[in-house]
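Please work through the following exercises with the sequence and the model at hand. Each task is followed by a solution in steps.

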Amino acid sequence: MRAVVQRVAQASVTVSGNTIAQIGKGLLVFLGISKSDQESDINWMTDKIVNLRIFEDDQNKMNRSLLDVNGELLIVSQFTLYGDCRKGRRPSFTDSANPDDARALYDKFISSIIEKYTLNVQQGEFQAHMRVNIVNDGPVTLLLDSQKLF
């Protein structure tokens with residue numbers, strides 16, 4: 001499971017001209033799911049994201065988590081995070097999970113966060129063409145991978 005995590009002042013998702021999700025201060029998470037992902041990846045990733053200390057404290061040091069600042073969370077599915085661009089000019093998506101398996105894990109990921117934490121959790125629309133509007137705060141952008149270290 002891979003995630004691009006961005007600290008945001010606000011973010012929203014629009015599908016077919018309609019805003020379907022929006023948050024204020026918090027995290028925007030682009031979530032990619034691979035063929036080999038399991039529920040253990042969900043547990044690792046959810047815990048890591050909500051507890052990352054990437055919000056500033058009173059001394060302007062990144063010392064607070066999403067939970068500490070009462071932030072909001074916007075999760076957007078992003079199969080292209082498993083795009084392999086090493087060969088040729090077109091990405092290969094052979095490591096991405098098939099849509100049915102990805103949707104099941106994506107839904108479990110969201111449910112896991114909602115069940116474990118008291119957060120406002122919003123989401124994009126799985127397999128839809130989305131427009132994501134972001135006001136990045138910092139900017140702070142992190143890459144997480146539940147199966148390997150960068």
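The exercises below concern a predicted model.

**Exercise 1. Helix packing**

Determine how helix H1 and helix H2 are oriented to each other, and state which residues make the contact.

*Solution.*
Step 1. Helix H1 spans residues 39-51 and helix H2 spans residues 99-116. Their axes lie 10 Å apart and form an angle of about 45°.
Step 2. Angles under 35 degrees count as roughly parallel, and those from 65 to 115 as roughly perpendicular. H1 and H2 are therefore oblique to each other.
Step 3. The handedness of the crossing of H1 and H2 is right-handed.
Step 4. On the H1 side, the contact consists of Glu39, Ile42, Asn43, Met45, Thr46 and Ile49. H2 contributes Leu105, Lys108, Phe109, Ser112, Ile113 and Lys116.
Step 5. Sorted by character, the residues of this contact comprise 6 nonpolar, 3 polar and 3 charged.

**Exercise 2. The nonpolar cores**

Describe the largest nonpolar core: which of its residues touch the most other members, and which elements give two or more residues to it?

*Solution.*
Step 1. The largest nonpolar core holds 31 residues. Those touching the most other members are Leu31, Ile49, Leu73, Ile75 and Phe109.
Step 2. Two or more residues of this core come from each of strand S1 (2-15), strand S3 (26-32), H1, strand S6 (72-77), H2 and strand S8 (131-145).
Step 3. H2 supplies the largest share of this core, with 6 residues.
Step 4. Another core, of 12 residues, lies apart from it; Ala11, Ala21, Ile23 and Val76 are among its members.

**Exercise 3. Surroundings of Ile75**

Establish whether Ile75 is buried or exposed, and list its contacts beyond four places in sequence.

*Solution.*
Step 1. Ile75 is located in strand S6.
Step 2. The relative accessible area of Ile75 is 0%. Since buried means under 20%, Ile75 is buried.
Step 3. Neighbours within four places in sequence aside, Ile75 is in contact with Val29, Leu31, Tyr106, Phe109, Ile110, Ile113, Val121, Gln122, Gln123 and Gly124.
Step 4. From C-alpha to C-alpha, Ile75 and Lys108 are 12 Å apart in space, with their positions 33 residues apart in sequence.

**Exercise 4. A loop residue**

Is Ser34 buried or exposed, and with which residues is Ser34 in contact?

*Solution.*
Step 1. Ser34 sits in the loop between S3 and H1.
Step 2. Because its relative accessibility is 5%, Ser34 counts as buried.
Step 3. With neighbours within four places in sequence left aside, the contacts of Ser34 are Met1, Tyr82, Asp95, Ser96, Ala97 and Gln147.

**Exercise 5. Backbone geometry**

Examine the phi angles of Ser16 and Gln127, and the peptide bond that joins Gly138 and Pro139.

*Solution.*
Step 1. Ser16 has a positive phi, near 50°, in a residue other than glycine. The loop between S1 and strand S2 (18-23) contains Ser16. Its relative accessible area is 71%, so Ser16 is exposed.
Step 2. Gln127 is not a glycine, yet its phi is positive, at about 65°. Gln127 belongs to the loop between strand S7 (120-123) and S8. With 57% relative accessibility, Gln127 counts as exposed.
Step 3. The peptide bond between Gly138 and Pro139 is cis, and omega is about -5°. Pro139 lies in strand S8.

Conventions. Residues are numbered from 1 along each chain as its sequence is written. This is a predicted model: local features need pLDDT of at least 70, side-chain atom pairs count only at pLDDT 80 or more; totals for chains, interfaces and linings use all residues. Side-chain values use heavy atoms; hydrogens and water are left out. Axes are lines fitted to C-alpha atoms, for helices over the stretch in contact, and angles run from 0 to 180 degrees between N-to-C directions. Helices (H or I, at least four residues) and strands (E, at least two) are DSSP runs, numbered from the N terminus. Angles under 35 degrees count as roughly parallel, over 145 as roughly antiparallel, 65 to 115 as roughly perpendicular and the rest as oblique. A crossing is left-handed if the near helix is turned anticlockwise from the far one by less than a right angle, and right-handed if clockwise. Contact means heavy atoms within 4.5 Å. Ala, Val, Leu, Ile, Met, Phe, Trp, Tyr, Cys and Pro count as nonpolar, Asp, Glu, Lys and Arg as charged, and the others, Gly among them, as polar. A nonpolar core is a set of buried Ala, Val, Leu, Ile, Met, Phe, Trp, Tyr and Cys residues joined through side-chain atoms within 4.5 Å. Buried means under 20% relative accessible area, exposed over 50%, partly exposed in between (1.4 Å probe, protein chains only).
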